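Student: I have a structure to work through with you. Can we go over its pocket, its packing and its charged pairs?

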Amino acid sequence: MSKRMFVKGNEAVALGALAAKCQCYFGYPITPQNDIPEFMSRELPKRGGEFVQAESEIAAANMLLGAAAAGIRAMTSSSSPGISLKQEAISYMAGSELPGVIVNMNRGGPGLGDIGPSQGDYFQATKGGGHGDYRLLVLAPGTVQEAYDLTIQSFDLAFKYRNPVMILGDAILGQMKEPITPWEPQIEPEAGKNWHLDGANQREPRIIKSLYLEDGALAAHNLKLAQKYEQMKEEIRFEEFLTEDASLIIVAYGSIGRIVKSTIRKLRTLGHKVGLIRPITLYPFPSEVLFSLAKQGKKFLTIEHNLGQMVEDVQLAICQVAKTEFYGHLPGNLPTPNDFEQPILNALEK
């Protein structure tokens with residue numbers, strides 16, 4: 001698969017899932033991610049997979065849990081309010097150590113909000129979202145090619161850590177079209193997959209659960225999960241753009257990071273030394289690279305399409321030696337590179 005294709009971000013996610021040998025998709029329609037279930041409903045059965053439009057988002061998430069317990073590569077997708085409805089099942093999956101891929105094409109909120117782009121679900125995605133102490137590995141593509149690439153990789157990561165993985169996009173990424181170069185991954189059988197439920201034929205029964213009632217059992221289980229989340233730091237990814245000589249570092253992710261990059265290019269032509277760190281893994285967060293830049297005396301500005309969420313992680317990363325300014329582009333308004341010029345110039349002057 002080396003031929004270039006011109007596709008939407010949503011379609012790139014679906015194509016990536018198919019390339020990763022996703023066997024089951026469970027979903028429920030909501031804008032702006034409807035291209036994903038539409039695409040999967042047409043193409044997944046052609047490849048021997050199962051597509052189910054569930055009766056609700058809650059049902060779709062619990063179907064994902066069931067498929068994951070059977071060791072099947074499976075995915076669900078939705079947009080903000082729909083992801084909120086899936087949180088109980090996602091917590092159960094994390095507690096039961098089950099792999100699965102969840103796609104959120106973030107829309108405006110809170111509540112029903114609108115169908116436009118937003119980054120208001122950062123807290124929900126990176127801080128657990130549901131009940132209990134758990135984490136998702138969260139990937140934030142900034143291009144349609146990355147939407148394809150990271151979706152493929154999310155399936156491998158889900159099985160590597162036996163944990164749900166979230167792709168966090170937004171309405172900009174989901175609806176824009178760009179050329180991509182598809183590629184076929186080498187799918188290796190999951191080594192030592194001796195945990196899934198496939199019928200206790202000539203073996204001892206297995207139990208998958210998130211309920212631990214024995215004295216000390218839940219504490220031990222949470223410690224085990226915490227150690228796994230620590231190991232996820234091996235997966236930290238980010239884009240670094242023109243930071244070496246920059247006096248001001250912009251931190252922005254996803255489609256906003258991409259738009260800010262255009263602003264930086266323009267400001268560079270005017271002599272302003274501005275650079276960018278674009279986190280690709282939102283959890284685990286690339287704290288060390290930010291701390292390293294902060295120790296060099298650089299200033300920081302965090303830009304998000306919300307009222308301020310990732311900025312808390314940026315500040316935690318650099319708080320020993322620096323602080324970050326913040327600019328939030330309000331959800332409901334579609335940003336352009338020009339919108340970020342004055343906030344960046346203001347930060348440079350401080």
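Student: What is the volume of the largest pocket?

Tutor: This is a predicted model. The value is computed from its atoms, and the largest pocket comes out at about 300 Å³.

Student: Which residues are closest to the centre of the largest pocket?

Tutor: The lining of the largest pocket has 15 residues. Those closest to its centre are Lys233, Tyr283, Pro284, Phe285 and Ser287.

Student: Which element supplies the largest share of the lining of the largest pocket?

Tutor: Strand S12 (281–283), helix H11 (287–295) and helix H12 (310–318) each supply at least two residues. The largest share is three residues, and it comes from H12.

Student: How many residues of that lining are nonpolar, polar and charged?

Tutor: The lining is a mix of the three classes. Five residues are charged, two are polar and eight are nonpolar.

Student: Where do the buried residues of H13 pack?

Tutor: Helix H13 covers residues 341–349. Its buried residues are Glu341, Pro343, Ile344, Ala347 and Leu348. They pack against helix H10 (254–269) and four strands: S10 (248–251), S11 (274–279), S13 (299–304) and S14 (324–328).

Student: Is Thr302 buried or exposed?

Tutor: Thr302 lies in strand S13. Buried means under 20% relative accessible area. Thr302 has a relative accessible area of 0%, so Thr302 is buried.

Student: With which side chain does the side chain of Thr302 make a polar contact?

Tutor: Start with the contacts of Thr302, leaving aside neighbours within four places in sequence. They are Val251, Met310, Val311, Val314, Thr324, Glu325, Phe326 and Tyr327. The polar contact between side chains spans 3.0 Å, and the partner is Thr324.

Student: How many salt bridges does a search of the whole structure find?

Tutor: One of them joins Arg203 and Asp198, with the closest N and O atoms 2.6 Å apart. Arg203 is partly exposed at 23% relative accessibility. Asp198 is also partly exposed, at 49%. For the whole structure, the search gives 19 salt bridges.

Student: How many residues apart in sequence are the parts that Arg268 and Asp245 tie together?

Tutor: The two side chains meet in a salt bridge, 2.8 Å from N to O. Arg268 lies in helix H10, and Asp245 lies in the loop between strand S9 (238–241) and S10, so the pair ties together parts that are 23 residues apart in sequence.

Student: Does either count as buried or as partly exposed, and which term fits Arg268?

Tutor: Partly exposed runs between 20% and 50%. Asp245 has 40% relative accessibility and is partly exposed. Arg268 has 21%, so Arg268 also counts as partly exposed.

Student: Which helices does the salt bridge between Glu341 and Lys266 tie together?

Tutor: The side chains of Glu341 and Lys266 meet at 2.7 Å, N to O. The parts they tie together are 75 residues apart in sequence, because Glu341 lies in helix H13 and Lys266 in helix H10.

Student: Is Glu341 buried or partly exposed?

Tutor: Its partner Lys266 is partly exposed, with a relative accessible area of 40%. Buried needs a value under 20%. Glu341 has 16% relative accessibility, so Glu341 counts as buried.

Student: Which residues are linked in a network of salt bridges?

Tutor: A salt bridge pairs Lys or Arg with Asp or Glu. Both kinds of partner are present in this network. The linked residues are Glu146, Glu239, Lys261 and Arg278.

Terms used. Residues numbered from 1 in each chain as written. Predicted model: local features only at pLDDT ≥ 70, side-chain atom pairs only at ≥ 80, totals over all residues. Heavy atoms only, no water. 1 Å grid on protein atoms, 1.4 Å probe; cavity = no way out; pocket = protein on both sides within 12 Å on 5 of 7 lines; lining within 4 Å. Points joined across faces, edges and corners; volume = space filled by probe spheres on them. Nonpolar A, V, L, I, M, F, W, Y, C, P; charged D, E, K, R; others polar. Buried < 20%, exposed > 50% of the residue type's maximum accessible area, 1.4 Å probe, protein only. Contact = heavy atoms within 4.5 Å. Polar contact = N/O pair within 3.5 Å; in protein donor to acceptor, adjacent residues only side chain to side chain. Salt bridge = Lys/Arg side-chain N within 4 Å of Asp/Glu carboxyl O.
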